[in-house]
Amino acid sequence: MAARIPAKGFAIHSREGKFQRHDFTRHALGEKDVLIDIHYCGICHSDIHSAYSEWHDGIYPMIPGHEIAGVVKEVGAHARKFKVGDKVGVGCFVNSCKECAPCTHHHEQFCPKVVFTYDCPDHFHNNEPHMGGYSNCMVVDEDYIIRIPHDAPLEKIAPLFCAGITTYSPLKFSQVKEGSKVGIAGFGGLGHMGLKYALAMGAQVSVIGRSEAKREQALKMGAKHYYSSVEDAKGADLDLILSTIPTPYNMTDYLDALRYGGELAIVGNPPKDVLPSVNVAELIMHGNKKVYGSLIGGIEETQEMLDFSILHHIYPEIELVTGEDIDQVYYNLTHSNAPFRYVIDMKKSLGS
Ligand SMILES: [Zn+2]
Ligand SMILES: [Zn+2]
């Protein structure tokens, strides 16, 4: 039997804990698995919700991280898709059953047996908790790995595997095209990616913030309008609003900014104690507007998103940090004092 693979990373041991260096092992390299040497891992707001058990009781010790970019180090005996030295990425999930309706329709994220990249039992490996990308390596089934072109900047590619696909997928689902009027609600890691994709799809984009703070950045990135509150956006007649807001808000206010029949797509997921709900009476009176949720995207669409991003030079605005900075980064991200995306330089943090 093949040996388990030694690994190191940065783990949190309880919801009140701080991040610490953590040695552990990953499951052995299976026949169709790929061993990835992780170079960069983005820090997503989901990492914070999970690390602090804001969505559900977390599985500790927990190594978060699902915006992973690296290089193939070894391939299993029957893995055919990748070779040693290829640049690759991993996003929010690492396995699924491959047989159910969501899997066969390329929406593996909705598989009942999906294995999320962290804070989730690995149903295909004795339910051991899967550890995320704040680590030096990962073993992943080749079917859940995204191909990255050789000359692409890995540090900027990493956040695309969550922030990129999460915003790209609903824009495609709502068929954003030349001339569409798109609003971006919440202008952080996800929001600024939504703005860039919507622009590349030909839309006219408005950003709906909650203060004046991000006006200049939004306009510089190509937004046509910036509203410093949702009240100011009332009557904006938007086709689609993409809500990336990770904190409580009044959903009906956003419906007021949509045209007749417009859509509100929700990707931001606030803590469970403060989840927004929609007032059905107001929804009924609101002109056939639709509210829907969207969760990342399947593997096929994630590859499509990556290819689209590279073709249009769409990358996040990032700041590189090390594993020692994670606690401070989480503080910054929860006190709106942050750049658009922090990315951990894993090589600098853990050596090779
Ligand atoms: Zn994420
Ligand atoms: Zn499935």
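This report describes a predicted model of one protein chain with a zinc ion, moving from the overall fold to the metal site, the sheet and a few individual residues.

## Overall fold

The protein chain contains 11 helices and 19 strands. Its radius of gyration is 20 Å, close to the 20 Å that the globule rule gives for 352 residues, so the chain is as compact as a globular protein of that length. Along its principal axes, the C-alpha trace of the protein chain spans about 65 × 40 × 40 Å.

Of the 352 residues in the protein chain, 57% are buried, and the accessible surface comes to about 15,200 Å², with carbon and sulfur atoms contributing 52% of that area. Among contacts with a separation of 6 or more, 68% are made by residues that lie 24 or more positions apart.

## The zinc site

The zinc ion (ligand 1) is coordinated through the SG atom of C44, the NE2 atom of H66 and the SG atom of C162, at 2.0 to 2.2 Å. Read along the sequence, these donor residues follow the spacing C-x21-H-x95-C. C44 belongs to the loop between β3 (33–43) and α1 (45–51), while C162 belongs to the loop between α3 (154–157) and α4, so the pair ties together parts of the chain that are 118 residues apart in sequence. Both cysteines, C44 and C162, are buried.

## Helix α4

Helix α4 covers residues 163–173, and nine of its 11 residues are buried, which leaves the helix mostly covered. The buried residues of α4 are A163, G164, I165, T166, T167, Y168, S169, P170 and L171. Just after this helix, Q175 takes a positive phi of about 55°.

As for its packing, α4 lies across the strands β12 (181–185), β15 (238–243), β16 (258–266) and β17, and it runs at about 155° to β15.

## The six-stranded sheet

Six strands form an open sheet in the order β14-β13-β12-β15-β16-β17, and their pairing is parallel. β14 (225–227) and β17 (290–293) stand at the edges with a single partner strand each, so one side of each is left without a neighbour in the sheet. From one strand to the next, the twist averages 20°.

Several of the pairings can be followed residue by residue. Strand β13, residues 204–208, pairs with β14 in the parallel sense over three bridges, and one of the partnerships there joins I208 to Y227 of β14. β15 and β16 also run parallel and are joined by five bridges, with S243 having I266 of β16 as its bridge partner. Between β16 and β17, again parallel, there are four bridges, and E263 is partnered with K290 of β17. β16 itself is mostly covered, since seven of its nine residues are buried.

## The loop between β18 and α10

T322 and G323 can be considered together, as T322 is found in the loop between β18 and α10 and G323 has its place in the loop between β18 (318–321) and α10 (326–334). T322 has a relative accessibility of 18%, and because the limit for a buried residue is under 20%, T322 counts as buried. G323, at 4% relative accessibility, also counts as buried.

Leaving aside neighbours within four places in sequence, T322 is in contact with I344, K348 and S349, whereas G323 touches F10, I344 and S349 when residues up to four places away are not counted. G323 is also 8.0 Å from L350, C-alpha to C-alpha, although 27 residues separate them in sequence.

## Backbone features to inspect

The peptide bond from Y60 to P61 is cis, with omega near -5°, and P61 lies in the loop between α1 and β4 (68–75).

Two aspartates take a positive phi although neither is a glycine: D119, at about 55°, and D237, at about 65°. D119 lies in the loop between β7 (115–116) and β8 (121–122) and is buried, with a relative accessible area of 10%. D237 is found in the loop between β14 and β15 and is partly exposed, with a relative accessible area of 41%.

Terms used. Residues numbered from 1 in each chain as written. Chains lettered and ligands numbered in written order. Predicted model: local features only at pLDDT ≥ 70, side-chain atom pairs only at ≥ 80, totals over all residues. Heavy atoms only, no water. Buried < 20%, exposed > 50% of the residue type's maximum accessible area, 1.4 Å probe, protein only. Helix = DSSP H or I, 4+ residues; strand = E, 2+ residues; numbered from the N terminus. Donors = N, O, S within 2.8 Å, 3.2 Å for Na, K, Ca; no water. Contact = heavy atoms within 4.5 Å. Pairing = 2+ DSSP bridges. Axes fitted to C-alpha atoms, helices over the stretch in contact; angles between N-to-C directions. Rg over C-alpha atoms; globule rule 2.2 N^0.38 Å. Areas by Shrake-Rupley, 256 points an atom, 1.4 Å probe, with all protein chains shown as cover.
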